[in-house]
Amino acid sequence: MNKSLALLTASLLLAGCQTLAPTPDGTPPVEDAADSKAPAEPKQYASFSEETLYALLSAELAGQRNRFDIALGNYVQQANATQDPGVAERSFRIAEYLGAEQAALDSALIWSKSAPDSLNAQRAAAVQLARAGRYDDAMQYMEKVLQGQGDTHFDFLALSAAETDPDTRAGLLQSFDRLLQKYPENGQLLFGKALLLHQDGRAEEALELLEGHAASEEEIPPLLLRARLLQGLDRGEEALPLLENGIERHPEDKRVRLAYARQLVELQRLDEAKSEFSGLVQRFPDDDDLRYSLALVCLEAEAWDEAAVYLEELVARNAHVDAAHFNLGRIYEQRGDKESALIEYALVGPGDDFLPAQVRQTEILFDGQRADEASSRLARSRESQPDYAIQLYLIESEALANRQRLEESWKVIGQALEQFPGDTNLLYTRAMLAEKRGDLPGLERDLRNIIEREPDNATALNALGYTLADRTTRYDEARALIEQAHKLNPEDPATLDSLGWVNYRMGNLEEAERHLRAALAKFPDHEVAAHLGEVLWAQGKQREARKVWAGALEAQPDSPILRSTIQRLTGSEKL
């Protein structure tokens, strides 16, 4: 990529060249006799020495030749040597462009010191200090910007502190409070503090802060944050009048209108959302992100024909092309036109929608008894897109396994492991296939292989522990594995289910019930419901067990584990 830096400002070069201008007759300038008798001094070009000007010109030439390291090095050196605001700013811009964080910070500090009245210089220093984690110093510089009535970046300071420790955020909050005492109605300060509170999970406090100040309605960022906070607190209906008021105050601002349209989508008021997005597209016809959002809203509302129009427009405009083809495929599926859907899915290139398109394409072909064609297409995709080869093997294997074609699925995974030996995902899939084939030694071998490579792989630990608890009597070993997985991922419902099941197998019924209830609350799955019902049944809580099973059967009436559990314990498939 050819990236060239602009030349030094014309004023600097002209000022430097004035002392070298030729006389009217074209002869070189003659030094004054008095000067010729004085001791030799380094020549000055404007405010710079000959050495400095040479270094700066060399930097510019280096930049034109893509030697940005030389350009930056020269500018940083001369910024330190001259303390000149113009040189320091140029040094800062180059460093920022190159992502040289320390050089950007050093240059910004020189610039802010040598140009104390420049709001841009003070702002640059504040932002760079925040990036370096020096938040107290950053606030001091940002206050200078605030005093000069310039646009501040208190929001950046708050957002940059998101990944810091609680003590740092607490200190930054104190700095915000100190400034808010001086500028209580400054919307930028309010917004920054509210962001910090939001990051700390104190949404109610953040909302209360914004609601208590008029600036949060008059200025757009605080207004949008208020709407987001209300949505996060399940008070989305209250956000609508707030955003409507914002549209009245700022009728030309796209952000407020877009937030309003999105809020309507969140509230499932899809017809109104379509109208709002349509209006936005009319106002901003070149914004293809808006056009894509409108298409998605139409899809959500199952307005297939409208969605197709916007998606086809995106393809014609060469915008969001892969996503458009993928969603056109979905529309054709809804219309029952499988062949057109296959054409659209095949047009999806590498990116976020590539694998979902491959899945849908595979499912259509398998459901249409065209498994050989599906396998051929996946093989071609693996050849043309080798970065996706493992995932494509997994798609084929899963499609076969879901149709009980276990030996073919096993063969596909074996072929994949020959190409990618030791891949964790492939090993795990082969282990799950081994379990379905009744090959417990094979399952254990692959899972232990994964655990040996990745001792903290909670999924493999849990899978092995559950299988040992369910299919063997190695309960102590099973519980140790599951508890290790639970420590690594304490909120995982699958692990909680395993923890409940191993305790049931060991006779710890109350402990089993506790874990299984927690698992079902997090993930209302038919297998978890079958386990919980069995534990309740064993405790003599038959009525409650039937209630748990009945609820799960409503969601998944064809669940084989539910049916077999009910049959085994009650003697009948019916409740």
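Here is a quick tour of a pocket, a helix pair and an aromatic pair in this predicted model.

Let's start with the empty space. The largest pocket has a volume of about 1300 Å³. Its lining counts 42 residues, and those closest to the pocket's centre are Met432, Glu435, Lys436, Tyr466 and Glu527. What classes of residue make up this lining? There are 16 nonpolar, 15 polar and 11 charged residues.

Several helices help to build the wall. The table names those that each supply at least two residues of the lining of the largest pocket.

| Helix | Residues |
|---|---|
| H24 | 389-402 |
| H26 | 424-436 |
| H28 | 458-471 |
| H30 | 493-505 |
| H32 | 526-538 |
| H34 | 560-570 |

H28 gives the largest share of that lining, with 8 residues.

H32, one of the helices in the table, also packs against helix H33 (residues 542-555), at an angle of about 170° and with the axes 8 Å apart. An angle over 145 degrees counts as roughly antiparallel, so that is how H32 and H33 run relative to each other. On the H32 side, the residues in contact include Ala529, Leu532, Leu536 and Trp537, while H33 brings Ala545, Val548, Trp549 and Ala552, among others. Sorted by class, this contact has 9 nonpolar, 3 polar and 3 charged residues.

Finally, the rings. Across the whole structure, a search turns up 6 aromatic pairs. One of them joins phenylalanine 326 and tyrosine 345, a tilted pair with 5.7 Å from centre to centre and 50° between the planes. Phenylalanine 326 sits in helix H20 (residues 321-335) and tyrosine 345 in helix H21 (residues 338-346), so the pair ties together parts 19 residues apart in sequence.

Methods: Residues numbered from 1 in each chain as written. Predicted model: local features only at pLDDT ≥ 70, side-chain atom pairs only at ≥ 80, totals over all residues. Heavy atoms only, no water. 1 Å grid on protein atoms, 1.4 Å probe; cavity = no way out; pocket = protein on both sides within 12 Å on 5 of 7 lines; lining within 4 Å. Points joined across faces, edges and corners; volume = space filled by probe spheres on them. Helix = DSSP H or I, 4+ residues; strand = E, 2+ residues; numbered from the N terminus. Nonpolar A, V, L, I, M, F, W, Y, C, P; charged D, E, K, R; others polar. Axes fitted to C-alpha atoms, helices over the stretch in contact; angles between N-to-C directions. Parallel < 35°, antiparallel > 145°, perpendicular 65-115°, else oblique. Contact = heavy atoms within 4.5 Å. Phe/Tyr/Trp six-rings, centres within 6.5 Å; stacked < 30°, edge-to-face > 60°.
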